[in-house]
Amino acid sequence: MTSDSIADTIRDGQIPARADSVGPGWGALLDELHRRLHAIAPTYQLDGFDTQFGGLRVFVADRFDADGEFDGYWADAAAEAIAAAEAASRRTCASCGEPGRLRFRGRDRGPGLLLVVLCDACGLGPLRHEEVDPARGHRSPLPG
Ligand SMILES: [Zn+2]
C-alpha cells in the first residue's frame, strides 16, 4: 500500500463518518471540530468518541512525519480544537443542541447512573433520543 492510497481512504475514519454515534444535538460542534482538524491535517484520523461525566470525549490518532518523528504540532493544535469541542459539549443538549446542563439519569439496564447533558425541555423525561422530535416540540413531563 502506498502512502497516497492511505491518504485517499483515511477520510472514512474522520468525524463526519461517525458523528451519528453520539447525541444528535452535538452534530454542529462536531462539524466545527472536523472543520478545524481537517484544516490542520486533511488526512487526520479519528480514533473514536466516548462520554465522560456527561460530556463528549474525542480521540484522534497521533501523526508522524516521513521520518517517523512524532508530529507535536498536530498534537498541540488538535488538543486545543478538541478541548474546545469537549467544553462546548458540556453545555450543549446532546439530544437537540440547545443550551443544556448536566443531568443524572438512571440507566435503562444494569447498574450505575447515566450522566448526560440536556436542555430543560429534553431533561423532563427519560433519555430517549428517538422520542425528541423538533418538529413536534417536546414531550410533557412524566407524572411524579
Ligand atoms: Zn434538548
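Start by selecting Pro 42, which sits in the loop between α3 and β1. Count the C-beta atoms around Pro 42: there are 10 Å neighbours numbering 11, so this residue counts as exposed. Now add Gln 14 to the selection. Pro 42 and Gln 14 are 28 residues apart along the chain, yet their C-alpha atoms are separated by 9.6 Å. Keep in mind that this is a predicted model.

**The whole chain**

Zoom out and colour by secondary structure. The protein chain shows four helices and four strands. Read from the N terminus, the order is α-α-α-β-β-α-β-β. The protein chain has 144 residues, and 22% of them count as buried. Take the contacts with a separation of 6 or more: 51% of these join residues 24 or more positions apart.

**Helix α2 and Ile 15**

Next, select helix α2, residues 15–18, where Ile 15 lies. Is Ile 15 buried or exposed? Ile 15 counts as buried, because 22 C-beta neighbours lie inside 10 Å. Show its surroundings. Beyond the neighbours within four places in sequence, Ile 15 is in contact with Leu 30, Leu 33, His 34 and Leu 46. Measure to one of these, Leu 30: the C-alpha atoms of Ile 15 and Leu 30 are separated by 7.0 Å, with their positions 15 residues apart along the chain.

**Leu 33 and the core**

Move on to Leu 33. Leaving out residues up to four places away in sequence, Leu 33 touches Ile 15, Val 58, Ala 81, Ile 82 and Ala 85. Now look at the largest nonpolar core, which has 22 residues. Leu 33, Ala 85 and Leu 118 have the most contacts inside this core. Which elements give two or more residues to the core? They are α3 (27–40), β2, α4 (72–89) and β4 (113–118). The most comes from α3, with four residues.

**Two helices side by side**

Hide everything but α3 and α4. Their axes come within 10 Å and cross at roughly 175 degrees. Angles over 145 degrees count as roughly antiparallel, and therefore α3 and α4 are roughly antiparallel to each other. Show the side chains where the two helices meet. On the α3 side, select Leu 29, Leu 30, Glu 32, Leu 33, Arg 36, Leu 37 and Ile 40. On the α4 side, select Trp 74, Ala 77, Ala 78, Ala 81, Ile 82, Ala 85, Ala 88 and Ser 89. Colour this contact by residue type: twelve are nonpolar, one is polar and two are charged.

**The hairpin**

Bring back strand β1 (residues 46–52) and strand β2 (residues 55–60). They pair in the antiparallel sense over six bridges. Check two opposite positions. Asp 50 stands opposite Arg 57 in β2. Gln 52 stands opposite Gly 55 in β2. Together β1 and β2 form a hairpin, with two residues between them.

Stop at the turn and select Phe 53, which lies in the loop between β1 and β2. What is its phi? Phi of Phe 53 is near 50 degrees, a positive value in a residue other than glycine. Most residues other than glycine have a negative phi. Phe 53 counts as exposed, because 10 C-beta neighbours lie inside 10 Å.

**Across to β3**

From Phe 53, jump to Arg 103. The two are 50 residues apart in sequence and 9.7 Å apart in space, C-alpha to C-alpha. Arg 103 lies in strand β3, residues 101–106. With 19 other C-beta atoms within 10 Å, Arg 103 is partly exposed. Show the contacts of Arg 103 beyond four places in sequence: Val 116, Leu 118 and Gly 123. Leu 118 has appeared before, among the residues with the most contacts inside the largest nonpolar core.

**Last stop: Cys 122**

Finish past β4. Cys 122 is placed in the segment after β4. Is Cys 122 buried or exposed? Cys 122 is buried, with 26 other C-beta atoms within 10 Å. Add Cys 93 to the view. Cys 122 and Cys 93 are 29 residues apart in sequence, and C-alpha to C-alpha they are 7.8 Å apart in space.

Notes:
Residues numbered from 1 in each chain as written. Predicted model: local features only at pLDDT ≥ 70, side-chain atom pairs only at ≥ 80, totals over all residues. Buried ≥ 20, exposed ≤ 12 C-beta atoms within 10 Å, placed from the backbone. Contact = placed C-beta atoms within 7 Å. Pairing = 2+ DSSP bridges. Core = buried A, V, L, I, M, F, W, Y, C linked by C-beta atoms within 7 Å. Axes fitted to C-alpha atoms, helices over the stretch in contact; angles between N-to-C directions. Parallel < 35°, antiparallel > 145°, perpendicular 65-115°, else oblique. Nonpolar A, V, L, I, M, F, W, Y, C, P; charged D, E, K, R; others polar.
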